[in-house]
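Me: Got a minute to go through this one with me? I'd like a quick tour before I set anything up.
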Amino acid sequence: WEPREPIGGIPAERFLHVAFPPSNSKCTECLKSNKGTPLGCVACDLGTFPLQKVVSQKIATEEYSDVAHFISMFSLDEEDYRWLFDKRMISASEDDPEYAAAC
């Protein structure tokens, strides 16, 4: 991942690229035992993987079943993210660039 301006108004050169050692069996085993907290032992590059979806427990109720269905079916892959970020850059001159990119 390489940052591009604007990132909350912070110039891209202010970000430092962090490189991790390649993945190995020790990192893989550590990742499997991780309880989902930031206090883990993973110290290697894990490559790309899907983002974890986190939603309110209210979504699991009958009242919000349509929202729950949408969330369970919705996914973006790496190509989708690249397209969205590129679209955001193209829309930078709009009043609301995030809205313009999303639409």
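Me: Which residue does Cys27 pair with in a disulfide?
Reply: Cys44. This is a predicted model, and in it the S to S distance of that disulfide is 2.4 Å.

Me: And where do the two cysteines sit along the chain?
Reply: Cys27 is in helix H1, while Cys44 is in the loop between H1 and helix H2 (65-73). They are 17 residues apart, so the pair links distant parts of the chain.

Me: Are Cys27 and Cys44 buried or exposed?
Reply: Both are buried. Across the chain, buried residues make up 10% of the 103 residues.

Me: How many disulfides does the count come to?
Reply: One.

Me: Switching to the fold: what elements are there?
Reply: Four helices and zero strands. Read from the N terminus, that gives α-α-α-α.

Me: What about contacts between residues far apart in sequence?
Reply: Take the contacts between residues at least 6 apart in sequence: 18% of them join residues at least 24 apart.

Me: OK, surface next. How much area does the chain expose?
Reply: About 9,200 Å², with carbon and sulfur atoms supplying 59% of it.

Me: Which residues form a nonpolar patch there?
Reply: Leu16, Val18 and Phe20 do, and together they have about 350 Å² of accessible area.

Me: Where's Val18 relative to helix H1?
Reply: Val18 is in the segment before helix H1, which spans 25-33. That's the helix that holds Cys27 from the disulfide we started with.

Terms used:
Residues numbered from 1 in each chain as written. Predicted model: local features only at pLDDT ≥ 70, side-chain atom pairs only at ≥ 80, totals over all residues. Heavy atoms only, no water. Patch = residues over 30% accessible without salt bridge, like charges linked within 9 Å, V, L, I, M, F, W, Y side chains within 5 Å. Areas by Shrake-Rupley, 256 points an atom, 1.4 Å probe, with all protein chains shown as cover. Salt bridge = Lys/Arg side-chain N within 4 Å of Asp/Glu carboxyl O. Buried < 20%, exposed > 50% of the residue type's maximum accessible area, 1.4 Å probe, protein only. Contact = heavy atoms within 4.5 Å. Disulfide = S-S within 2.5 Å.
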